[in-house]
Amino acid sequence: MTSLNPGLILILGAIPVVLIPHAIRRFYLLVLPIVGFAVVHSLEPGTVVTYETFGMTLELLRVDELSKVWGYIFNIAAFLALLFAWHDRDTMQQVSALIYAGAAIAAVFAGDLVTLFVYWELTAISSVFLIWAARTERAYRTGLRYLIIQVGSGVILLSGVLLWYADTGSIEFDHIGIETLAGKLILLAFGIKCAFPLLHNWLQDSYPEATVTGTVVLSAFTTKLAVYALARGYAGTESLIYIGATMTAFPIFFAVIENDLRRVLAYSLNNQLGFMVVGIGVGTEMALNGTAAHAFSHILYKALLFMSMGAVLYRTGTCKGSELGGLYKSMPYTTVFCMVGAASISAFPLFSGFISKSMILTAVAGEHRWFIWGTLLFASAGVFHHSGIKIPYFAFFAHDSGRRVKEAPWNMLLAMFITAFLCIFIGVYPQALYDILPYPVDFVPYTTAHVITQLQLLMFSALAFTVLMLYHIYPPELKSTNLDTEWFYRRLLPRVLNRLGGWIDRADQAIRKESLVIIGDVIAMIERNHGPESAMSRTILAGSMALVVITVLLLFLVVVII
Amino acid sequence: MSEHENKIHDPKKYWLDEPRNVRKVIGAVFVVCALLFISDAFYHKHSHFAVEDWFGFYAIFGFVMCVLLVLAAKLMRVFLMRDEEYYDKDD
């Protein structure tokens with residue numbers, strides 16, 4: 001078993017799904033990630049399985065501490081998402097979720113760039129079905145945009161890998177760096193999937209359009225695979241610090257005014273990725289530990305938040321802040337689980353975000369980067385503001401929308417319960433997570449100063465929210481679309497292309513018209529010279545021809561006789 | 001998808017329906033904040049930056065930045081907000 005890439009368990013396990021009757025299939029789906037988890041656990045760091053082809057050495061399996069962290073959490077996330085989707089009978093989603101999760105796990109254990117590329121693209125192709133499964137025109141179009149961007153990332157990755165191979169003669173996936181063009185291309189490919197600023201908008205565009213369960217699956221894998229790839233290839237790359245800091249800050253502005261609560265979560269997902277990218281940019285052992293730990297806890301609380309909003313969407317049919325409110329009355333358990341997720345993402349002491357994010361912040365402070373540190377602190381306050389308060393407040397409290405629905409189905413509640421339990425467990429007993437991190441952990445999260453300062457930051461953010469609400473300054477939830485970078489390719493580009501098309505059309509019309517005139521002139525000329533009665537086509541009568549021939553023959557005869 | 005039965009009629013009164021209780025919650029937030037602010041006097045910070053040693057720095061920073069965040073976001077609405085079907089029209 002130890003020579004098998006654990007991602008293949010889910011990928012190959014997806015094949016017989018269609019043949020298994022629904023009653024058994026539910027259990028079968030849940031067993032796969034459990035087996036996957038066990039296999040990851042059994043893998044010895046240092047294990048490498050290679051395969052020679054076309055003169056290249058593919059490392060189909062490469063195990064170390066870094067990949068194991070992602071291997072664990074990806075299997076856990078797959079299990080929780082499948083449990084959350086237990087009630088769902090949509091085979092298409094089950095198969096694509098398995099292949100998608102499996103591809104992400106397999107990519108993490110890929111030791112070379114070509115194998116990485118294969119799984120990288122597989123995550124793109126398999127995951128789009130989770131969006132298309134919503135089976136609406138809107139989802140179809142969103143899925144197409146998503147697919148173009150995701151596959152585009154893979155194409156850029158491949159060109160980078162080819163250049164890298166030409167430069168170095170190796171396809172091994174280790175530190176790459178941005179010194180070469182190949183390095184820059186590969187960084188761009190990773191950056192697209194990691195939702196770097198300006199490359200980010202596919203995330204907010206697509207995740208909220210996926211199915212109730214699809215979004216939960218999507219939230220875990222693509223972006224965190226990119227974080228893993230960045231940590232592997234670009235640790236200590238200075239520019240990532242600034243990219244990451246930008247990522248933590250700008251999405252929160254959008255999150256404050258966004259109405260679709262799943263889109264708010266997509267913005268805060270983007271913001272959390274920023275913390276991880278900063279950690280990678282700093283690149284010290286503590287920072288990389290922080291990134292790995294934060295990816296781990298982030299996957300859990302983000303899934304929990306998406307689950308709670310998914311449950312709301314499932315029961316009420318909407319996820320818009322402007323149409324919700326007062327749901328704590330009919331969905332009390334979901335409310336509590338959502339608040340656990342909110343407390344975790346906000347990094348309240350005793351919740352998972354606290355013990356992982358503080359590592360990154362401490363690492364940044366240790367480097368004496370005051371501006372970055374200040375930005376991250378602002379982003380920490382901001383994330384509590386929009387994810388920690390806004391999400392639960394507008395969905396479950398606020399103005400009572402009058403909606404009285406059933407509590408979420410038992411499987412959703414169970415999935416949320418387990419996820420919430422893990423969020424608190426990690427927060428209360430961080431050593432469990434610290435023990436599996438890539439480097440030895442020399443960090444104590446629970447010091448008086450840490451706890452008090454963090455509580456001050458958060459509670460005064462809550463105070464700001466309260467005061468702004470009391471004075472009616474806080475922007476109300478409005479039915480709206482907020483322009484983001486997608487505007488460039490959803491509006492500007494089509495407009496430019498349309499206008500360009502218009503010009504081409506008009507030029508085409510003019511050229512055709514002019515050509516017709518010219519062709520007409522040519523035809524007229526030909527007609528003049530070659531038409532009936534024209535010089536070139538005058539016919540000579542057969543009689544005169546005979547006369548000519550006879551004359552010629554007579555002349556010939558005369559000449560011969562003479 | 002479930003049938004989305006969103007019943008409107010619900011005569012039951014909940015704890016938070018009472019404005020008095022909402023005021024209690026808000027009051028609690030103020031009290032907790034005040035206690036946290038004062039607590040800065042009672043422990044030692046292991047600070048990396050000089051600002052961290054200011055009394056109540058984290059509290060003031062959190063409050064001010066959140067207010068600025070919301071005001072800036074409100075301003076963004078002026079420029080960025082369109083109606084809900086914006087992209088659906090001749091997309």
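Student: Into which domains is chain A divided?

Tutor: In this predicted model, chain A is divided into domain 1 (1–234), domain 2 (236–484) and domain 3 (490–561).

Student: What makes domain 1 and domain 2 of chain A neighbours in contact, and how many residues does the contact take from each?

Tutor: Residues count as being in contact if their C-beta atoms lie within 7 Å. On that basis, the contact takes 37 residues from domain 1 of chain A and 42 residues from domain 2 of chain A. The centres of these two domains, taken over C-alpha atoms, are 24 Å apart.

Student: Which elements give two or more residues to the side of domain 1 of chain A that touches domain 2 of chain A?

Tutor: They are helix H3 (65–84), helix H8 (201–206) and helix H9 (212–234) of chain A. H9(A) gives the most, with 12 residues. By class, this side of domain 1 of chain A has 25 nonpolar, 9 polar and 3 charged residues.

Student: Why are H4(A) and H5(A) called roughly antiparallel?

Tutor: Helix H4 (residues 91–108) and helix H5 (residues 113–132) of chain A pack at an angle of about 155°, and their axes are 8 Å apart. Angles over 145 degrees count as roughly antiparallel, and therefore H4(A) and H5(A) are roughly antiparallel to each other. The crossing of H4(A) and H5(A) is left-handed.

Student: Which residues meet where H4(A) packs against H5(A)?

Tutor: Among them, H4(A) offers Met92(A), Ile99(A), Tyr100(A) and Ala103(A), while H5(A) offers residues including Leu116(A), Trp120(A), Thr123(A) and Phe129(A). The contact of H4(A) with H5(A) has 14 nonpolar, 5 polar and no charged residues.

Student: How do you know that E1(A) and E2(A) are paired, and how many bridges join them?

Tutor: Two strands pair if there are at least two bridges between them. Strand E1 (residues 48–53) and strand E2 (residues 56–62) of chain A are joined by 6 bridges and run antiparallel, so they meet the criterion of at least two bridges. For one of these strands' residues, Val49(A), the bridge partner in E2(A) is Leu61(A). The hairpin of E1(A) and E2(A) has 2 residues between the strands, and Phe54(A) takes a positive phi near 50° there.

Student: How many residues of chain A are in contact with chain B, and which element gives the most to that side of chain A?

Tutor: There are 50 residues of chain A in contact with 43 residues of chain B. Elements that each supply at least two residues of this side of chain A include helix H10 (238–257), helix H12 (285–316) and strand E3 (481–482). H18(A) gives the most, with 17 residues. This side of chain A divides into 28 nonpolar, 15 polar and 7 charged residues.

Student: What makes E3(A) and E1(B) a pair across the two chains?

Tutor: E3(A) is joined to strand E1 (residues 81–82) of chain B by 2 bridges, and the strands run antiparallel. The requirement is at least two bridges, so the pairing criterion is met. Thr481(A) has Arg82(B) as its bridge partner in E1(B).

Student: Why is H10(A) called roughly perpendicular to H2(B)?

Tutor: The axes of H10(A) and helix H2 (residues 57–80) of chain B cross at roughly 70° and come within 9 Å. Angles of 65 to 115 degrees count as roughly perpendicular, and that makes H10(A) roughly perpendicular to H2(B). In this contact, Ile252(A), Phe253(A), Val256(A) and Ile257(A) meet residues of H2(B) including Leu69(B), Met76(B) and Arg77(B). The contact of H10(A) with H2(B) divides into 9 nonpolar, no polar and 1 charged residues.

Conventions: Residues are numbered from 1 along each chain as its sequence is written. Chains are lettered from A and ligands numbered from 1 in the order in which they are written. This is a predicted model: local features need pLDDT of at least 70, side-chain atom pairs count only at pLDDT 80 or more; totals for chains, interfaces and linings use all residues. Domain bounds come from an automatic or database domain assignment. Two residues are in contact if their C-beta atoms, placed from the backbone, lie within 7 Å. Helices (H or I, at least four residues) and strands (E, at least two) are DSSP runs, numbered from the N terminus. Ala, Val, Leu, Ile, Met, Phe, Trp, Tyr, Cys and Pro count as nonpolar, Asp, Glu, Lys and Arg as charged, and the others, Gly among them, as polar. Axes are lines fitted to C-alpha atoms, for helices over the stretch in contact, and angles run from 0 to 180 degrees between N-to-C directions. Angles under 35 degrees count as roughly parallel, over 145 as roughly antiparallel, 65 to 115 as roughly perpendicular and the rest as oblique. A crossing is left-handed if the near helix is turned anticlockwise from the far one by less than a right angle, and right-handed if clockwise.
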